[in-house]
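Here are some exercises to work through with the model open beside you. Try each task on your own before you read its solution.

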Amino acid sequence: MSDDDYRPPPMASKPEAKPKCKISASRKLSLKILLLARATEELEAEKVAREEEKVRYLGEKLPPLQLTGLDMGELQQVCKELHSQIDVVDEERYDFEAKVIKNYRDINELNLKVQDLGGKFKKPALRKVRVSADEMMRALFGSKNKESVDLRANLKSVKKEDIKQEKELNMEVGDWRKNVEAMSDMKGRKKMFDA
């Protein structure tokens, strides 16, 4: 073997680090400034073009009105023409709105399909955690709230006696037809006034 045919054995390749950017920070900053200036110029040009297109479109669709020297019948005819043009424009606007709404729905459906195809989202299994009121207040307000909070203190207490009295009142009222029959004669009315 000659020295020309000798090849060193392949070494394990080291993972190469990312090559450092060869552009200096000042150059990057100047490039960003130039890009932003160019973008603002294009935005301004786009706005001007949009305004020109709007003026041209309105010139085509809405020619200037010649109202001088017209009698009443001709003015009425001009009004009828304007109303018919308004109806046509309203129909077009409605059609465009319907198309936009349909496109939004389609976009939303496609986004949902993309999310479904991207993989199922698995809800993590949540654990039930018992937290006392004091711990909750500490978590919400930090350690500055040191006083103990008794949430049950503000609850209305219901006594069994109150429940029994309500049931008795309901039982006394009972069927209204019986009460009406009992009070229908004069004695029943007298009882009502005496009580």
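**Exercise 1. A linked group of charges**

Task: Find which residues are linked with Arg 56 in a network of salt bridges.

Solution. Start from the idea that side chains of opposite charge can pair when their charged atoms come close. Now look around Arg 56 in this predicted model. The network joins Glu 53, Arg 56 and Glu 60. To put this into context, the structure holds seven salt bridges.

**Exercise 2. Pairs along helix 1**

Task: Work out how far apart in sequence Glu 42 and Arg 38 are, and which helix holds them. Then do the same for Glu 46 and Arg 50.

Solution.
- Step 1: Glu 42 and Arg 38 both belong to helix 1, which covers residues 25-61. They are four residues apart, or about one turn of the helix.
- Step 2: An α-helix has 3.6 residues a turn, so residues three or four places apart point the same way.
- Step 3: Check the contact. Glu 42 and Arg 38 form a salt bridge whose closest N and O atoms are 3.5 Å apart, and the cut-off is within 4 Å.
- Step 4: Turn to the second pair. Because Glu 46 and Arg 50 are four residues apart in helix 1, about one helical turn separates them. Their salt bridge has its closest N and O atoms 2.8 Å apart.

**Exercise 3. Buried, partly exposed or exposed?**

Task: Sort Glu 42, Arg 38, Glu 46 and Arg 50 by their relative accessibility.

Solution. You need two cut-offs: buried means under 20%, exposed means over 50%, and partly exposed is in between.
- Glu 42 has 47% relative accessibility, so it counts as partly exposed.
- Arg 38 has 52%, so it counts as exposed.
- Glu 46 has 44%, so it is partly exposed.
- Arg 50 has 53%, so it is exposed.

Now step back to the whole chain: buried residues make up 2% of its 195 residues.

**Exercise 4. Measuring up helix 2**

Task: Compare the expected span of helix 2 with the distance between its end C-alpha atoms.

Solution.
- Step 1: Helix 2 runs over residues 72-118, and it has 47 residues.
- Step 2: At 1.5 Å a residue, helix 2 should span 69 Å.
- Step 3: The end C-alpha atoms of helix 2 are 68 Å apart, which agrees with the expected span.
- Step 4: Look just past the end of the helix. Gly 119 takes a positive phi of about 135° there.

**Exercise 5. Charges on helix 2**

Task: Find which residue forms a salt bridge with Asp 90, and which residues gather with Asp 87 in a patch of negative charge.

Solution.
- Step 1: Asp 90 pairs with Arg 93, with 3.6 Å between the closest N and O atoms. Because these two are three residues apart in helix 2, about one helical turn separates them.
- Step 2: Asp 90, at 33% relative accessibility, counts as partly exposed. Arg 93, at 45%, also counts as partly exposed.
- Step 3: Asp 87 lies in helix 2 too. On the surface, Asp 87 gathers with Glu 91, Glu 92 and Asp 95 in a patch of negative charge.
- Step 4: Asp 87 has 45% relative accessibility, so it counts as partly exposed.

**Exercise 6. A nonpolar patch**

Task: Find which residues form a nonpolar patch with Met 136.

Solution.
- Step 1: Locate Met 136 in helix 3, residues 133-141. With 44% relative accessibility, Met 136 counts as partly exposed.
- Step 2: The other members of the patch are Val 129, Val 131, Leu 140 and Phe 141. Together with Met 136, they have about 490 Å² of accessible area on the surface.

Key
Residues are numbered from 1 along each chain as its sequence is written. This is a predicted model: local features need pLDDT of at least 70, side-chain atom pairs count only at pLDDT 80 or more; totals for chains, interfaces and linings use all residues. Side-chain values use heavy atoms; hydrogens and water are left out. Patches are made of residues with over 30% relative accessible area and no salt bridge: like charges are joined within 9 Å, nonpolar side chains (Val, Leu, Ile, Met, Phe, Trp, Tyr) within 5 Å. Accessible areas come from the Shrake-Rupley method with a 1.4 Å probe; for residues, only the protein chains shown count as cover. A salt bridge is a side-chain nitrogen of Lys or Arg within 4 Å of a carboxyl oxygen of Asp or Glu. Lys and Arg count as positive and Asp and Glu as negative; His and the chain ends are not counted. The place of a charge is taken as NZ of Lys, CZ of Arg, CG of Asp or CD of Glu. Buried means under 20% relative accessible area, exposed over 50%, partly exposed in between (1.4 Å probe, protein chains only). The expected span of a helix is 1.5 Å times one less than its number of residues.
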